[in-house]
Amino acid sequence: MRAPTSEISTIPLPETYPSSMQAFGQDFVRYRATTLDQSVVSRISDMRQPQLTYHQARSMQRKFIFHAGPTNSGKTYSALKRFREANRGIYCAPLRLLALEVYDDTNNHGIPCDLVTGEDRKSGKGRPDEPQELNDSALDKLLRLPHLPKGDVASANPISLMDGDASTAAILGLDHASPKVPESIGLTLNSIFSSQAAETSSSQSDNDGGDTKATSSAQSSHVACTIEMADVDKVFDVAVIDEVQLIGDRDRGWAWTRALLGLAAHEIHVCGEPRALSIVESLLKSTGEDVQVHTYERLTPLVVAPHSINRNLANLRRGDAIIAFSRKELFRWKAEIERETRFRCAIVYGSLPPQTRAQQARLFNQPDSGFDILVATDAIGMGLNLNIGRIIFTTLQKFNGVSNVTLSPSEVRQIAGRAGRFRSKFPRGEFTTFEPEDMGILIKQFNGPADSLQAGLMANFEQLEALSKQLPGADMLDLFTKFEDLARLDKRYFMCDSSDRKEAIKLLAPLNLSFKDRYTFILAPANLENDYMRSCLLSFATGFEANRPITLAAITVPSTTSGAPSVLNEFEQCHKMLDLYMWLSYRFPQLFPDRDAAKQLQAQCAERIMEGLIEETRTGRRPKPQPRRRY
Ligand SMILES: Nc1ncnc2c1ncn2[C@@H]1O[C@H](COP(=O)(O)OP(=O)(O)OP(=O)(O)O)[C@@H](O)[C@H]1O
């Protein structure tokens with residue numbers, strides 16, 4: 001251990017230290033560390049052997065079965081059969097919707113199965129007080145409603161009196177500019193907080209340090225969870241890791257790496273695209289475990305159509321799915337198709353609540369619903385059972401956050417593969433483009449080579465906390481940045497993008513939170529590119545800092561239905577705010593006590609959205625035709 005001194009300008013480092021460690025020596029002066037120990041820092045940031053973190057898994061010899069095949073080839077079906085046969089099983093899903101589907105299906109087989117996602121926990125036996133989601137019979141009732149007269153829906157709807165984000169904030173009593181300004185319409189953030197300080201301080205919360213440990217209070221033999229929530233401390237007989245190619249996902253890849261290396265199950269079934277096999281085998285070499293490979297062929301044929309749609313909506317037919325990559329484009333396509341053809345459109349996009357996506361899928365699948373065309377983003381690529389006969393790409397370009405890029409071969413195959421589901425009314429799937437000139441690119445990408453994969457990693461709480469002890473003056477942003485600079489990885493791994501977390505750190509910087517609580521808040525699910533969600537996260541954290549319970553008693557969801565996209569957007573945002581609330585309620589139950597109310601409000605939001613989407617079609621609100629924009 002070295003004594004600090006402000007006179008030191010560079011710290012002599014052993015020659016074997018990597019250059020990043022040399023740079024770290026310079027920072028020593030800046031932080032005036034008192035306890036810096038280079039060898040400790042070097043150890044903390046050594047990510048070359050992440051498998052050593054998982055003691056429970058390392059004490060076992062696990063058996064791996066990799067189910068490799070294209071979409072719709074029965075990989076998950078086979079893995080789930082073993083999951084259900086096991087005495088104790090865990091299914092790790094890429095999406096909440098898939099976790100929910102397996103939860104329902106397993107319980108329907110008479111096997112008690114819990115659901116564990118970041119925002120929700122359900123016991124296998126079901127809870128009588130659970131809010132009812134819009135089910136099939138409610139859906140039927142909605143479809144049977146008489147044709148409503150056209151009207152000025154916007155003016156009838158209290159929340160659409162204001163623009164976009166601002167009006168949502170108003171319904172929810174949240175103020176954008178400052179979470180502490182309560183004035184505008186009576187419902188304010190301060191009225192959401194109860195006036196009494198909480199009896200229990202935040203340090204007594206059940207915060208799991210923002211770690212991903214599944215803390216299900218329920219105790220069924222089986223659990224269906226989202227991959228981030230996989231419990232690596234508990235021993236299972238069978239585990240299933242679905243869509244393992246997402247191990248290479250820029251943001252979430254770390255969760256698949258963690259599950260693969262850390263799940264303590266005697267038998268682990270890994271389902272995914274064949275391109276993930278080599279990285280899986282390579283990671284398991286480091287644990288000394290072998291992989292059996294089962295390869296699958298598609299259960300139904302998938303073929304490229306001989307022609308494009310030739311820009312002519314008259315060429316559409318029942319069971320077509322139109323693919324575009326923005327919400328705005330989807331609504332434009334829906335309006336245009338409903339105006340120019342006899343078809344009505346179901347719609348699926350990422351910001352719809354999961355249950356609404358599932359309901360829209362049911363609407364489309366139901367033969368007599370009248371909703372015979374689906375307009376969708378690539379959100380249909382996973383987690384929905386859809387009776388699609390033909391996929392039509394309106395564009396092969398997608399915005400990646402920086403610029404428009406051509407869809408990768410894997411993306412094209414994942415989306416195209418949704419056509420012709422096994423045992424659906426379309427025993428053969430087809431795919432094509434809207435524009436004739438896109439056909440060549442489509443075929444090229446569909447047949448293109450798969451990109452190789454690396455496995456994602458992320459700095460965990462323990463590593464950052466240990467680093468903070470070495471750098472006492474550093475704030476959390478410094479720690480994240482420093483950790484990434486110093487991290488040593490081998491070529492199989494990459495560090496996942498932490499820009500969202502860094503953005504959250506900056507947003508919450510003025511608040512006085514403990515290290516652990518701050519870390520938890522920065523992991524909370526909030527898209528900070530959205531001003532409203534920024535405001536919500538800041539508001540919740542501000543209430544938390546003041547140790548005042550944040551209740552939802554003052555919030556009401558308007559009953560007026562509108563299919564106007566801007567109004568739907570407000571309900572969607574409201575739903576997301578409640579997701580954030582639920583997520584926090586599982587980590588800080590004393591200060592976010594209204595979990596049941598949040599569930600009820602979410603169910604109401606989802607219902608309004610579903611009604612609005614159907615209303616949109618029924619009332620024939622038809623925006624003026626606009627020139628088609630290509631992305
Ligand atoms: N042997 C089978 N008997 C009955 N249904 C099956 C069988 N195999 C698969 N299916 C059904 O076929 C559909 C596709 O199967 P599954 O979801 O397992 O495919 P997958 O290869 O995992 O595809 P994806 O990667 O797209 O999820 C599902 O609806 C599944 O229930």
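**Exercise 1. The surroundings of Ile227**

Which residues does Ile227 touch, not counting residues up to four places away in sequence? Locate Ile227 in this predicted model, and decide whether Ile227 is buried or exposed.

*Solution.* Begin with the position along the chain: Ile227 sits in the loop that links strand S5 (222-226) to S6. Next, list the contacts: once residues up to four places away in sequence are set aside, Ile227 touches Cys92, Ala93 and Pro94, together with Ala255, Trp256 and Ala259. Then turn to the neighbour count, which gives 25 C-beta neighbours inside 10 Å, so Ile227 counts as buried, the cut-off for that class being 20 or more. Finally, for a pair distance, take Gln359, which is 132 residues from Ile227 along the chain and has its C-alpha atom 23 Å from that of Ile227.

**Exercise 2. Two positive phi values**

Compare the settings of Glu243 and Asn310, given that Glu243 has a positive phi without being a glycine and that Asn310 likewise has a positive phi.

*Solution.* Take Glu243 to start with: its phi is near 50°, and the residue belongs to the loop running between strand S6 (235-241) and helix H10 (253-262). Because 25 other C-beta atoms lie within 10 Å, Glu243 is buried. Now take Asn310, whose phi is about 60° and which is placed in the loop between strand S9 (302-304) and strand S10 (320-323). For Asn310 the count is 12 other C-beta atoms within 10 Å, so this residue is exposed, since the exposed class covers counts of 12 or fewer.

**Exercise 3. Helix H16 against helix H17**

Classify the packing of H16 and H17 from their angle, and describe the residues that meet there.

*Solution.* The geometry comes first: helix H16 (residues 461-470) and helix H17 (residues 476-486) pack at about 105°, and their axes are 10 Å apart. The range for the perpendicular class is 65 to 115 degrees, and H16 and H17 are therefore roughly perpendicular to each other. On the H16 side the participants are Gln463, Leu464, Leu467 and Ser468, which meet Leu479, Lys482 and Phe483 of H17. Sorted by class, this contact holds 4 nonpolar, 2 polar and 1 charged residues.

**Exercise 4. Helix H18 against helix H20**

Repeat the analysis for H18 and H20, and add the handedness of the crossing.

*Solution.* Helix H18 (residues 499-508) packs on helix H20 (residues 531-545) at an angle of about 55°, with 10 Å between the axes. This angle makes H18 oblique to H20, and the crossing of the two helices is right-handed. Ala504, Leu507 and Leu508 supply the H18 side of the contact, while Arg534, Leu537, Leu538 and Ala541 supply the H20 side. By class, the contact contains 6 nonpolar residues, no polar ones and 1 charged residue.

**Exercise 5. The ligand shell and the whole chain**

How many residues surround the ligand, and which helix gives the largest share of the shell? Place the result in the context of the whole chain.

*Solution.* The shell consists of 13 residues, the closest being Thr71, Gly74, Thr76, Tyr77 and Phe422. Helix H4 (residues 75-85) contributes the largest share, with 3 residues. In terms of class, the shell divides into 4 nonpolar, 7 polar and 2 charged residues. As for the chain, there are 22 helices and 18 strands, and 45% of the 631 residues are buried. Of the contacts between residues at least 6 apart in sequence, 78% join residues at least 24 apart.

Terms used. Residues are numbered from 1 along each chain as its sequence is written. This is a predicted model: local features need pLDDT of at least 70, side-chain atom pairs count only at pLDDT 80 or more; totals for chains, interfaces and linings use all residues. A residue is near a molecule or strand if its C-beta atom, placed from the backbone, lies within 6 Å of it. Helices (H or I, at least four residues) and strands (E, at least two) are DSSP runs, numbered from the N terminus. Ala, Val, Leu, Ile, Met, Phe, Trp, Tyr, Cys and Pro count as nonpolar, Asp, Glu, Lys and Arg as charged, and the others, Gly among them, as polar. Axes are lines fitted to C-alpha atoms, for helices over the stretch in contact, and angles run from 0 to 180 degrees between N-to-C directions. Angles under 35 degrees count as roughly parallel, over 145 as roughly antiparallel, 65 to 115 as roughly perpendicular and the rest as oblique. A crossing is left-handed if the near helix is turned anticlockwise from the far one by less than a right angle, and right-handed if clockwise. Two residues are in contact if their C-beta atoms, placed from the backbone, lie within 7 Å.
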